[in-house]
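Visitor: Got a minute to walk me through this one? I'd like to start with the ligand.
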Amino acid sequence: MATRIRPSSKRCAVIGGSGFLGRHLVEKLVDRGYSVSVFDIRQSYELPGVSFHQGDLCDKQALLSALEDVSLVFHCASPAPASDDRLLFERVNIKGTQTVIQACIDAGVQKLVLTSSASVVFEGTDVKNGKEDLPYAKRPIDYYTQTKIEQEKLVLKACDQQKGFLTVAIRPHGIFGPRDPQLVPTLVDAARQGKMKFIIGDGTNLVDFTYVENVVHGHILAAECLRADSPICGKPYHITNDEPVRFWDFMSEILVGLGYAAPRFHLPYGLVYGIALLLWLLTWILRPFMSFKPTFTPMRVALAGTYHYYSCERAKEHLGYKPVVSLKEGIKRTVESYPQLRRGA
Ligand SMILES: NC(=O)c1ccc[n+]([C@@H]2O[C@H](COP(=O)([O-])OP(=O)(O)OC[C@H]3O[C@@H](n4cnc5c(N)ncnc54)[C@H](O)[C@@H]3O)[C@@H](O)[C@H]2O)c1
Ligand SMILES: CC(C)CCC[C@@H](C)[C@H]1CC[C@H]2C3=C(CC[C@]12C)[C@@]1(C)CC[C@H](O)[C@@H](C(=O)O)[C@@H]1CC3
């Protein structure tokens, strides 16, 4: 049974609060009576009750000014997975997270909630109803995943009930919703280039896509349940819609909802994965001379052609988590939120 504390009048901070998930989280926190301090390298909006601090999370002094009088920190900043920039991921996700932890400790922050990712256990092979006790990927499929693993380990290891610094990690999977700069825009871009005619594999693979408000709900529950005597200290939690869906059915619903044709023709998974790997190698070799971003990266092909859905039983049991928006409703709201991406717009 989840023990909850009332939202305090104290300030909380959202690192990465200008991003897709971060902004939805900030909006919900404000609704719930928190006063929020956003720390981000960019400011993308203004909101009453929210103060903005622009800076790089690798800069401890800059962080400290945003953490003044803050007891709860959400860390949901990361470079975009598509950047595929190893040095950037290492600097921000690993060294930057060490800086965030140290800044929290120095500022007297009591709780740190990290946005991790369910992909920390994904190696490109099927994961069916994966639980949190699955081992971290030994051969992570990209630099993003590799550094998300290190980041999660750092945050969970920093949990110290004696010293009163409590940490927890939320592992969402396939977040979607209004203002997402990644999933729907990439899909529509591929459709507009005529690249979404094909289904990779037999099209029966089940995966999790999680509506952004459910992810926000999981974060807030975790923050409010995090106490020195709680079983959630230092643990990771999957947060999903708890409705695994066929990858290609989900993509088709979004595409058709926006006026594009659903993919129809099947291509063998191994062939497409091999081509994506070759293309990735080629872009890596040519990187000093030219920049080229293939649509079908090995990570995207692996996600499109395998099973990857996760159990959120632990979150239900320890946090009292239950999705608040169904997949059907989430898809409807998402499609309606992108009039500019409709066919012919
Ligand atoms: N989108 C998904 O499907 C998904 C799924 C699982 C986990 N996650 C995790 O959720 C978090 C949020 O992802 P998102 O989809 O909202 O991404 P996003 O790119 O929209 O937001 C990330 C934010 O971090 C900020 N940021 C990046 N580098 C920074 C730095 N050095 N200093 C300060 N701020 C910096 C960016 O400016 C941006 O506003 C990330 O940690 C990501 O790994 C995302
Ligand atoms: C061109 C098509 C084959 C696919 C077009 C849609 C893709 C851009 C998305 C489908 C699944 C998405 C996804 C992520 C990014 C966008 C997709 C590949 C993540 C890798 C983003 C980072 C998260 O941590 C991952 C997670 O574990 O949730 C995402 C997994 C799904």
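Guide: Sure, with one term up front: a polar contact is a pair of N or O atoms within 3.5 Å. This is a predicted model, where local features need pLDDT of at least 70, side-chain atom pairs count only at pLDDT 80 or more, and totals for chains, interfaces and linings use all residues. Residues are numbered from 1 along each chain as written, ligands are numbered from 1 in the order written, and side-chain values use heavy atoms, without hydrogens and water.

Visitor: OK, how far is a nitrogen atom of ligand 1 from a polar backbone atom of I41?
Guide: That distance is 3.4 Å. Another nitrogen contact, at 3.1 Å, goes to a side-chain N or O atom of D56, and an oxygen atom of the ligand sits 2.9 Å from one in the side chain of R42.

Visitor: How much of ligand 1 does the protein cover?
Guide: 89% of the 830 Å² of accessible area the ligand has on its own (Shrake-Rupley method, 1.4 Å probe).

Visitor: And which elements give two or more residues to the shell?
Guide: α1 (20-31) and α4 (143-157); helices here are DSSP runs of H or I, at least four residues, and strands are E runs of at least two.

Visitor: Switching topic: which residues of α5 are buried?
Guide: In α5 (residues 183-192), L183, V184, L187, V188, A190 and A191 are buried, meaning under 20% relative accessible area (1.4 Å probe, protein chains only).

Visitor: Why are they on the same side of α5?
Guide: Because they cover an arc of only 160° around the axis, taken from the directions from the helix axis to the C-beta atoms.

Visitor: What do they pack against?
Guide: β8 (175-176), α7 (247-257) and α11 (327-336), with contact meaning heavy atoms within 4.5 Å.

Methods:
A polar contact is a pair of N or O atoms within 3.5 Å; within protein, one must be able to donate a hydrogen and the other to accept it, and residues adjacent in sequence count only if both atoms are side-chain atoms. Buried means under 20% relative accessible area, exposed over 50%, partly exposed in between (1.4 Å probe, protein chains only).
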